[in-house]
Amino acid sequence: IKFIQGEDNGFLKVNTIDHSMGNNILVLANSIIGLHSFRKEVVKAMVDNGYVVYLAFPDKDERAKYFEQIDCKYVDVKFDRRGMNPIKDLKLLLDYIKVIKRIKPVAVLTYTIKPNVYGGIAAAYCGVPLLANVTGLGDAVENKGFLGKLTVFLYKLGLRKANTVFFQNNSNLKFCVDSGIVVQEQSCLLPGSGVNTSYHVYQEYPTDNIIKFLFIARLLKDKGTEEYFETAKIIKEKYPNTEFQILGYCDDGKYQTQLDELTKAGVINFLGCATDVRPYIGDVYCTIMPSYHEGLSNVNLESEANGRPVITTKVPGCKETVDDGITGYLCDARSTQDLTDKVEKFINLSYEEKKQMGLNARRKVEREFERQIIVDAYLKTIKILQ
């Protein structure tokens, strides 16, 4: 375990930790990507309120410089985000316990499943308050088979002594209460991760003759990749003045060949990856998120904040982000036919109707999903603990 800060690709070793003020906070996450994209305002607010914030995540890139600049400290804890190796997971648990014992935080904040589970167990073992954030449950938890039962069991171990468990949609909250993972008194519903509407500002609606759609995601089955591919083929043949873009990468190798073929055929315009999605959102008429499940879709919220309508699915974590027919359209998950119908319905709107949907979307985000709501909730909860 390395406690690092300062230089050396942005960091130096931290040799001493000051416990005199009793204001250390430890944040456990599975990636700097989510921490920087969706939670940096929460982290900065804690720093601004006098807390010393330690961040533990397994990867580090140029985005870490932001946290260095606001005087956070980085704890290098390596782990496999997706693997289910019990030996490696036990090591992660022991590493978390060591980190907590050394930092002696007033609270541990966790995001995503492994930090929630193993960080939660470690915090309980060390007697430190836990604020966990369930960013989505996924198919594994709702699955009735062995994997589902195992995941529920692990969640129970991790969250049973949490002071507060934040949920991003009511369906996830209800499932966890009904399954005995948490009790109602522990639970708090947030509007997802929120959107920084000063960063994601309204962009003027495009005026070019090509109606462009954008899919922002890792190319995974449960993101609706197959439905997007099929819809693009159907619509592109019927409406040549359309373009279907993808911003992301293949997290599942089985889609790479298909993506290459569709790109070569001119059906898909593959844009690769980007750390700033705003220029890409601003270039399109509408974004599409045909996901099977989400905590609360940040892609949808960011698209709407930029003034773009969204076509998404009627599943928890997506349906809350769109007012059907007003800020975009809702379709059935796992249904190419329904997704295609909604895309065609959008195409046949007048230009002014499309633009008005985008304006409505921006207003919805400002009204319901401003990130300051999440910042205030965290600060209030932490202060109650002291």
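User: What puts lysine 354 over the face of phenylalanine 346?
Analyst: Keep in mind that this is a predicted model. A charge sits over a ring if NZ of Lys is within 6 Å of the ring centre and within 35 degrees of the ring normal. Lysine 354 lies over the face of phenylalanine 346 at 5.6 Å from the ring centre, so the distance is within the 6 Å limit.

User: Which ring does lysine 40 lie over?
Analyst: That's tyrosine 199, with lysine 40 over its face at 5.5 Å from the ring centre. Again the cut-off is 6 Å, so 5.5 Å passes.

User: Back to phenylalanine 346: which aromatic cluster includes Phe346?
Analyst: Phe346 forms one aromatic cluster with Phe213, Phe215, Tyr228 and Phe244. Two of these also turn up in strand pairing: phenylalanine 215 has isoleucine 246 in E11 as its bridge partner, and phenylalanine 213 stands opposite cysteine 286 in E13.

User: How do you know that E10 pairs with E11?
Analyst: Two strands pair if there are at least two bridges between them. Eight bridges join E10 (residues 211-218) to E11 (residues 242-249), and the two run parallel. Together with helix H9 (residues 225-238), E10 and E11 make a right-handed β-α-β unit.

User: What makes E10 largely enclosed by the rest of the structure?
Analyst: The count does it: seven of its eight residues are buried, so E10 is largely enclosed.

User: And how do you know that E13 pairs with E10 and with E14?
Analyst: The threshold is at least two bridges. Two bridges join E10 to E13, so that pair meets it, and three bridges join E13 to E14 (residues 310-313). Both pairings are parallel. Threonine 287 has a partner in each: leucine 214 stands opposite threonine 287, and valine 310 in E14 is the other bridge partner. From E13 the chain crosses through helix H12 (residues 298-305) to E14, and this β-α-β crossover is right-handed.

User: What makes both faces of E13 count as covered?
Analyst: In a regular strand the side chains alternate between the two faces of the sheet. In E13 (residues 286-289), Cys286 and Ile288 are on one side and Thr287 and Met289 on the other, and all of them are buried.

User: Where is serine 297, and is it buried or exposed?
Analyst: Serine 297 is in the loop between E13 and H12. Its relative accessible area is 1%, and buried means under 20%, so serine 297 is buried. A polar atom of its side chain lies 3.1 Å from the backbone nitrogen of asparagine 300. Leaving aside neighbours within four places in sequence, serine 297 touches Met289, Gly317, Cys318 and Thr321.

User: How many aromatic pairs are there, and why is the one between phenylalanine 57 and tyrosine 74 called tilted?
Analyst: A search of the whole structure finds twelve. For phenylalanine 57 and tyrosine 74, the rings are 4.6 Å apart centre to centre, with 40° between the planes. Rings pair within 6.5 Å, and planes under 30 degrees apart are stacked, over 60 edge-to-face and the rest tilted. The 40° is neither under 30 nor over 60, so "tilted" it is.

User: What does that pair tie together?
Analyst: Phenylalanine 57 lies in strand E4 (residues 52-57) and tyrosine 74 in strand E5 (residues 73-76), so the pair ties together parts that are 17 residues apart in sequence. Phenylalanine 57 is buried at 2% relative accessibility, and tyrosine 74 is buried at 3%.

User: How do phenylalanine 166 and tyrosine 378 pair up?
Analyst: They form a tilted pair, at 4.6 Å centre to centre and 40° between the planes. Phenylalanine 166 in strand E8 (residues 164-167) and tyrosine 378 in helix H15 (residues 372-385) are 212 residues apart, and the pair links these distant parts of the chain. Phenylalanine 166 has 0% relative accessibility and tyrosine 378 has 1%; under 20% is buried, so both rings' residues qualify.

User: What is the label for lysine 104, at 52%, and for arginine 334, at 48%?
Analyst: Exposed means over 50%, with partly exposed between that and 20%. At 52%, lysine 104 is therefore exposed, while arginine 334 at 48% is partly exposed. Lysine 104 has a positive phi of about 55° without being a glycine, and arginine 334 has one of about 65°, also without being a glycine.

Conventions. Residues are numbered from 1 along each chain as its sequence is written. This is a predicted model: local features need pLDDT of at least 70, side-chain atom pairs count only at pLDDT 80 or more; totals for chains, interfaces and linings use all residues. Side-chain values use heavy atoms; hydrogens and water are left out. Buried means under 20% relative accessible area, exposed over 50%, partly exposed in between (1.4 Å probe, protein chains only). Helices (H or I, at least four residues) and strands (E, at least two) are DSSP runs, numbered from the N terminus. A crossover is right-handed if, with the strands pointing away from the viewer, the path from the first strand over the helix to the second runs clockwise. Rings of Phe, Tyr and Trp (its six-membered ring) pair if their centres lie within 6.5 Å; planes under 30 degrees apart count as stacked, over 60 as edge-to-face and the rest as tilted. A polar contact is a pair of N or O atoms within 3.5 Å; within protein, one must be able to donate a hydrogen and the other to accept it, and residues adjacent in sequence count only if both atoms are side-chain atoms. Contact means heavy atoms within 4.5 Å.
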